[in-house]
Amino acid sequence: MKATGFNRRKFLQLGSTLAVASTISPISYGATLLDKNDVKPLGNDENIRLFSNENPYGPSQKVLDAITNNTNRVNRYASFHSYSTDTLKEKIAKINGIAKDQVIFGHGSFEILCMLTRTFGQQRDGIIVPATTFNVTAAFADRIFDHKVKRILLTDGMDIDLETTKKEITKNTKLVYICNPNNPTGKSLPAAKLESFCKELATTNCTIAIDEAYVELMEPSRRPDTIELLKQKYNVLIIRTFSKAFGLAGLRVGYAMGLPETIAKLNHDSYTFSGLIGNPGIVAAITALDDTDYVDEYRKKNVEVRTYMESNLKKMGLKYLKSDTNFMLIEVKDVKRLKEELVPFGIAIFPSGGKHYPTWARISIGTLQEMKIFFNAINTMNWLTS
Ligand SMILES: Cc1ncc(COP(=O)(O)O)c(C=O)c1O
């Protein structure tokens, strides 16, 4: 597996860490929906991007070839030909053993998370989310409605608190959002626990949105069988993306699978009429779904680099959470200082674990070379734990 993009390859081949670092220009920042008080690097090509949990190796060669070989279709809408939204829908339905009307697309899963706000969040207490989590549905709801979303703190062990969540459900609750594995902790819930949580909620009016953006990076044996829950007609909405394990973040293809009535409701409330994804994204997604070896290879590679990170963090005496994903939450004395001191090394990170975890920095797992540069950099900072 090799890094794609000439700039990055060239950059990584340059000599010592500090020599590399000194050639890199400062990063610019822009505000995001994720946390109004945070800022996020915009992504200069020359930076080591450890802030967005992307697949640092890019998509597989087969996927790149498929995109290149199908550029003659870009003058056409993505309907009524071999690589159409309908073909992708069919494929996802077939792989998962569900019907086509149980699948909806979004411009990345981000769009689906925003659709949830419109459909389920209008009423006070309509949505419950963990705090902290991937804060799109809740942040969007806070922004557009005149009430705050109900947030349930994580447990002392920084896990999603299913017990308290259950207790907080009222007749007004329409949606419970569970991110599994959770972002920014990287931790996942025990499969059996999440499965029984979903079954217990069958007596309520709630849709349980399970954001599985990183599920392909989990060991298969640890994954909850959310598809089986859906097949048994539990009211789950499984949200997935081609942005992470498949390495297609720039093409913006996300999807969700749910009960036909949930999907119909989302379609009804959606201004995109479900599925206005661009042709290159569709071609890439269809090809990527067939290239399962590539995802297996990335998962293995990610575990290898994560293990390297764990052993270095242990050596340095830094606290971290055991992650099931391609990012890790690491505790340091001053997160903002860490972010700033990494800039001259050309390394961009996400500043914090959110307002509840201000001493934790979320570090995406890059290539081994990138993480070596990262550790060389943080080894120069003797204040991290003091
Ligand atoms: C948990 C989670 N869900 C959804 C997304 C959105 O991803 P995309 O819109 O690229 O599918 C992200 C992106 O980082 C994420 O971390």
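**Strand pairing, core and local backbone features**

In the bridge between C179 and D211, the latter residue lies in β8. This pair, taken from a predicted model, belongs to a set of 5 bridges that join strand β7 (residues 175-179) to strand β8 (residues 207-211), the two strands running parallel. Within the same pairing, I178 is placed opposite I210 in β8. Strand β7 also pairs with β5, again in the parallel sense, although here over 2 bridges, and in this case V176 of β7 is the bridge partner of I128. As to its surroundings, β7 is mostly covered, 5 of its 5 residues being buried. The cover extends to both faces of the strand, with L175, Y177 and C179 buried on one side and V176 and I178 buried on the other. In a regular strand, side chains point alternately to one face of the sheet and to the other.

The wider arrangement is an open sheet of 7 strands with mixed pairing, in which the strand order is β4-β10-β9-β8-β7-β5-β6. Strands β4 (103-107) and β6 (150-153) occupy the edges, and because each has a single partner strand, one side of each is left without a neighbour in the sheet. On average, and with direction ignored, neighbouring strands of this sheet are turned by 25 degrees against each other. Helix α4 (residues 85-96) packs on the sheet, where it touches β4 and β10 (253-257), and its direction makes about 125 degrees with that of β4. Helix α6 (residues 137-144), for its part, lies across β5 (127-131), β6 and β7, and runs at about 125 degrees to β5.

Two cis peptide bonds were found in loops that follow strands of this sheet. One joins A131 and T132, with omega about 20 degrees, and T132 belongs to the loop between β5 and α6. Another leads from N183 to P184, with omega near 20 degrees, and P184 is located in the loop between β7 and α8.

Helix α8 (residues 191-200) has L194, F197 and C198 among its residues, and these three are buried. Viewed down the axis of α8, the buried residues fall within an arc of 95 degrees, so they line one face of the helix. The face turned away from this buried side carries A192 and E200, which are exposed. The elements that cover the buried residues of α8 include α7 (162-168), β8, α9 (226-231) and β9 (236-241).

Considered as a whole, the chain contains 14 helices and 13 strands, and buried residues make up 48% of its 386 residues. Among the contacts in the chain with a separation of 6 or more, 72% are between residues 24 or more positions apart. The largest nonpolar core comprises 105 residues, of which I127, I208, A209, A285, I347 and I349 touch the most other members. Helix α5 (residues 109-120) provides the largest share of this core, namely 7 residues. At least three residues of the core come from each of domain 1 (6-59 + 293-378) and domain 2 (62-291). When residues up to four places away in sequence are not counted, A285 touches L88, F242, L248 and V253.

Strand β11 (residues 327-331) has 4 of its 5 residues buried and is therefore largely enclosed by the rest of the structure. It is joined by 5 bridges to strand β13 (residues 360-364), and the two run antiparallel; within this pairing, W360 of β13 is the bridge partner of E331. Helix α14 (residues 368-378) contains K372, which is partly exposed because 16 other C-beta atoms lie within 10 Å. K372 and M309 are 63 residues apart in sequence, while their C-alpha atoms are 8.8 Å apart in space.

Positive phi values in residues other than glycine were noted at two loop positions. For N53, phi is near 55 degrees, and the residue is placed in the loop between β3 (48-50) and α3 (61-69). N53 counts as buried because it has 25 C-beta neighbours inside 10 Å. For D125, phi is near 65 degrees, and the residue is placed in the loop between α5 and β5. With 17 C-beta neighbours inside 10 Å, D125 counts as partly exposed.

Notes: Residues are numbered from 1 along each chain as its sequence is written. This is a predicted model: local features need pLDDT of at least 70, side-chain atom pairs count only at pLDDT 80 or more; totals for chains, interfaces and linings use all residues. A residue is buried if 20 or more other C-beta atoms lie within 10 Å of its own, exposed if 12 or fewer, and partly exposed in between; C-beta atoms are placed from the backbone. Two residues are in contact if their C-beta atoms, placed from the backbone, lie within 7 Å. A nonpolar core is a set of buried Ala, Val, Leu, Ile, Met, Phe, Trp, Tyr and Cys residues joined through C-beta atoms within 7 Å. Domain bounds come from an automatic or database domain assignment. Two strands pair if DSSP finds at least two bridges between them. Axes are lines fitted to C-alpha atoms, for helices over the stretch in contact, and angles run from 0 to 180 degrees between N-to-C directions. The arc is that of the directions from the helix axis to the C-beta atoms.
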